[in-house]
Amino acid sequence: MNRSKWRNLKRELWSSKLGVAAVILLILFTLGAVFAFLAPNDPNVMNVAERLQSPNGSHWFGTDDYGRDYFARAMYGGRVSLMVGFASMILATGIGTCIGVLSGYFGGRLDNLLMRLLEIFLSIPSFLVLLLLSVYLKPSVGNIIVIIAFLMWMNIARVVRAETMTLKEREYVLYAKASGQGAWGIIWKHIVPNLVPVIIVGATNNVASAIMMESSLSFLGFGVQPPNATWGSMLNNAQGFIAQAPYLAIFPGVLILLTVLSFNVLGDILRVGLEPRLTKR
Amino acid sequence: MVMSKKWSTAIILVLLTALITACGSSSNKTTPSDNSGQQTETSAPKDGGNLIIGVGADPVILNPNYAGDRVSLTIDQSLYAPLFQVNNGKKTYYLADSLTASEDSMTYTLKLKSGLTWHDGQPLTADDVVFTINSILDEKQNSMFRGNLMIGGKPIEAKKIDDLTVEFKMPQAAPAFEATLVQLTPIPKHIFENEANIEKSTKNNTPVGSGPFKFKEYKTGEYVTLERFDNYFGGKPHLDSVTYRIAKDTNAANLALQNGELNINYVSPQDAPTIQGTGNFDLMPYSEGRLSYILINEKSDLGVLNKKEVRQALGYALNREELITAAYLSPEYADPAHSFLTPDTLFHTNDVATFDNDAAKAKELFQQAGVTKLRFVVKSGDKTQESIALYVQQKLKEVGVAVEIQSIDASALNSKVYGGTSTDFDLTVAGYIMGFDPDAYSILFTTDNSSNYSHYSNKQVDELFQKGAGEADAAKRGELYTQAQQLVAEDAAIYPIAYTKTIVAVDKRYGGVEEAVLKPVVIFEDLSKIYLK
Amino acid sequence: MRQLIVKRLAQTIPMLFFVSIVCFAMIKLAPGDPVMSFVTPNMHAEDIERIRHSLGLDQPAYVQYVQWLKQLLSGNLGYSLINHQPVLDQIIDRLPATAGLMACAIGLAVILAIPLGLVAGANRNRWSDKLINLVTYIGISVPLFWLAILLIYLFAIKLHWLPSMGMRTIGVNSAADVLKHGILPCFVLAFGFLAVYVRYIRSSTIGQLREEYVLIQKAFGSSRYTILFRHVLKHVLLPIITLLGMSMGDLVTGAIVTETVFTWPGIGSLGMTAVRGMDYPVLMGITLFSSVLLILGNLLADIAYSFADPRIKTMR
């Protein structure tokens, strides 16, 4: 990745109001998640006397049906949601990049095999798999991350494979080959660094879809263990109280919306900034 | 084909009008809440009207020989009349006219009412009762109730005396047989006679019963509709039809209830205030004869839960009243439980040992046994179980035991807890409805019995249950079961929480609830009595 | 072209075979036990064992798979473990609800997406584009179940305009009634599709506007809107078919969450029940069914794509 690309990216970002807003929001949410322990109230302490209080001075987001402080729960919930998003993105990107590079660089039978594998994965209806696995595996944050990553690596693998195929025909790669460098050395020195832009763009979009998947799963009641919460599981609970306490549904929903929105906006800006070639098409 | 045509019309219509309708439609008659103001006191029940009851799943099978799930049982209660029912020890006869037991509890004679008919007009006679019993006993027919008709490993025998009389011969003295027979509902012989496999028979899709309502229509995932059976022996039902509407998602069902799309539905204590708040429903808590308890897995790989001191420590750490408030919000919905027998069971006594409210003692006992961590599994999405687990977590933390809550899906939970071999969990919330005869509970508490999920074992208790099953003298029987209750409580085999009540929300526009009798599991004993005010 | 289709169809069979093995393995590796989902404490041990035997669940997993496969080859998807009804019948029973809902949602999305996409593409970076852009961002970022809850709150609970659950009012059996129940779920799903479609149409409109024929039309003095809705639209339509093909895979399982929120009696809710009851024949049936749709949909998309862009043939 060279300097001109960075400059390009910076310009692209600062010229977009949405982009700036997205970055600020994401920084805010991340800080909120990291410093969740600074929340004025304990997220898990129940107080039946303070059940379902509307937002007020001492409970900024009100309280839930156990009388727990909703603001603190939203902060801790965000911690899990964001962590699941990032962790499954990293895992998926890792798997996808490896398979994509191997497939694209070596080609031939290996490529064929890996691509068939990929197609099988794409042919299994993903949400059904998600439901199945999450029911059957012991629910924990770790397992959810693995499951989501398991379902997301295919897109990155495809893009990386295509990019690798064009990269390996570049002159400097051909030169390196001719000068007797080993395949792994070439991949590591010449291919991977040039894949970074595609990977970053794919990864950003993956965070968005991972957070979305996690929230849908939690909403259906599969997910993290009580008393912990994620934004999705908070929504699941909120549905039952929508008539008397609509704020229970509004806060986590808006938080998911803003987070996913920010990642999507950022993904697009990165794409334009890092891969001008793609957008010209 | 008709369906697809309808759909293509629907699709076109949607495309054309979705927007218009979304913006323009105004007053639809989906608001029964507006009518409640006009409701007046009515003296005599009126005829006509429809009723919509919410149920949580599709019925598994509308055939009483195979129905074990709540929804099928509920619908079957209206489709198929029982022989008789027992409420608080009082017998009400339905198809039966009388049931008499011989002195030695070896022979029971059942007399049917005369002039009974099935929904298709065929007479209902002793033949049907005998057929029903025999098809349950027939191993090839796969009824899951076969075990109920086996006493001491031998089948009971049903014999037709005349068209209205059936004689049951027991292989040994069986004072608890009435409790078996009460669960039995005759199925029509003329329909199922030549079916090789009754369970898989397509005839179950259009059931022919004998109850107040006959089958009209079933749309999977949507509803089951029954319509009035004019020849019902208990008098013509008031309502024209009853619809059981399938609402799998509790939250969605609650919204539909508030929105007037359901007239009757179960409500959890947590949701009760919301429903009460609408002003359109009467909330009716009633006892289901159900015990809710904390199950302690004595097979746990912690290796110490088979010591009664540790189980007692759990009790000492908790406060039953607080626990009930945490789980059921109001003591109105749950009576504190001490005994494993529910209050509607014969010989129930709540005057047994309890271990409550002694944190210091709990701490000491847990420390002695070296318990620092317990795993509590709950069914995901079950708010009551979750509340109980959260409360236990909070209380045990105070005595130095960390509780790890694992909320897992129902199917996984069932095989973990009820599969009988898991050693990787310590506590869970369980419940049972076993009926009014204490003999039924032996399956739960005798050594290595099939439903003894906590793997509790006490030779004395085994012996008491065995004696109780064959004891014809009521006083002596009572003595045996009282002892059993005391022993199980002393051993802290389970932590009984409460005899819970089920809350049913009934739309205020409907009357006759009293006469229809609220009944465990099936909501109403006799729906023919419900009417629209 | 025909070769391509035949080749792809031939690839479908082994693919489905692998998909079925993977799914079966996943279900069987799970810790649950289907029989346990309907056992009550009142049942005796020997009755439970007898039922397990009659369902074939006491046999090793591979035997169960082979038996399932044999049945499948004779055109039988098997019977539900829970209610013993044929799986195929159950899927067919539920299909109209899901397919109808999805068709309406996709149809609505396409109808709205075409003008929005064209307008956005033609007015690149102007306020109308930015507005449409924001809407599509929200469309791809909003959790649809949350949107559904908010709409239920507004239209069913507060305004009482629309019902909150199900597909029919009990006792009313008319198309209009089904429609009324379908409005909210259809709108929710359409909103999700809409965003994707608009973005696609917008970018292909931008591409088309650079083409020669547009310049020629401009030179002839055609108005902007004639160019857009007569000429550009023609070229944009084919890629939309590609999108529709790719949406086919969503037909069956894409609506699971929305169906749950609205208690819509479709395949999604059938699948949820099957997951909870570990009813593997039903789960396998649904999986196979939607895999077939997914594969066929992708094939359709590729074919449409190769018509739209003949260069693709040389790439393969």
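**Exercise 1. How many helices and how many strands are there in chain A? Describe the overall build of the chain.**

Solution. The structure is a predicted model, and the first step is to count its secondary-structure elements: chain A has 11 helices and 0 strands. Read along the sequence, the pattern is accordingly α-α-α-α-α-α-α-α-α-α-α. The next step is to consider extent, and along the principal axes the C-alpha atoms of chain A fill a box of roughly 75 × 45 × 30 Å. Turning to the interior, 56% of the 281 residues in chain A are buried. Finally, among the contacts in chain A with a separation of 6 or more, 73% join residues that are 24 or more positions apart.

**Exercise 2. Is Thr93(A) buried or exposed? Place the residue in its surroundings.**

Solution. Begin with the element: Thr93(A) belongs to helix α3 of chain A, which covers residues 70–106. The relative accessibility of Thr93(A) is 8%, and because the cut-off for a buried residue is under 20%, Thr93(A) counts as buried. Leaving aside residues up to four places away in sequence, Thr93(A) touches Ile156(A), Ile199(A), Ala203(A) and Asn206(A).

**Exercise 3. Characterise the interface of chain B and chain A.**

Solution. The size of an interface is often given as the accessible area lost when the parts come together. Here chain B and chain A bury about 1900 Å² between them, with 53% of that area on carbon and sulfur atoms. Asn251(B), Lys383(B) and Leu390(B) together supply 25% of the area that chain B buries against chain A, more than any other three residues. In residues, the contact takes 25 from chain B and 22 from chain A.

For the specific interactions, the rule finds 0 salt bridges across this interface, while 2 residue pairs are in polar contact, both partners being at pLDDT 80 or more. On the side of chain B that touches chain A, the elements giving two or more residues are α6 (250–258), α7 (272–278), α11 (383–398), β17 (402–408) and α12 (410–418) of chain B. The largest share, 7 residues, comes from α11(B). Sorted by class, that side of chain B has 9 nonpolar, 11 polar and 5 charged residues.

**Exercise 4. What is the count of salt bridges between chain C and chain B? Set the result in the context of the interface.**

Solution. Start with the area, which for chain C and chain B is about 5600 Å² buried, 60% of it given by carbon and sulfur atoms. The contact takes 63 residues from chain C and 65 residues from chain B. The count is 1 salt bridge, in which the side chains of Arg94(C) and Asp58(B) meet at 3.2 Å, N to O. There are also 8 residue pairs in polar contact between these chains, both at pLDDT 80 or more.

Several helices of chain C each supply at least two residues to the side that touches chain B, among them α2 (45–54), α6 (144–158) and α7 (175–209). The most comes from α4(C), with 12 residues. By class, this side of chain C has 35 nonpolar, 20 polar and 8 charged residues.

**Exercise 5. Where in chain C does pLDDT stay under 50? Judge what may be read from the model there.**

Solution. First take the scores for the whole, which are ipTM 0.83 and pTM 0.79 for the model, and an average pLDDT of 81 for chain C, with 93% of the residues scoring at least 70. The stretch in question is residues 311–316 of chain C, for which the model has 5 contacts beyond four places in sequence. Where pLDDT is low, the predicted coordinates should not be read in detail.

Notes
Residues are numbered from 1 along each chain as its sequence is written. Chains are lettered from A and ligands numbered from 1 in the order in which they are written. Side-chain values use heavy atoms; hydrogens and water are left out. Contact means heavy atoms within 4.5 Å. Buried area is the accessible area (1.4 Å probe) that two parts lose on being put together, summed over both. A salt bridge is a side-chain nitrogen of Lys or Arg within 4 Å of a carboxyl oxygen of Asp or Glu. A polar contact is a pair of N or O atoms within 3.5 Å; within protein, one must be able to donate a hydrogen and the other to accept it, and residues adjacent in sequence count only if both atoms are side-chain atoms. Helices (H or I, at least four residues) and strands (E, at least two) are DSSP runs, numbered from the N terminus. Ala, Val, Leu, Ile, Met, Phe, Trp, Tyr, Cys and Pro count as nonpolar, Asp, Glu, Lys and Arg as charged, and the others, Gly among them, as polar. pLDDT is the predictor's confidence in each residue, from 0 to 100. Buried means under 20% relative accessible area, exposed over 50%, partly exposed in between (1.4 Å probe, protein chains only).
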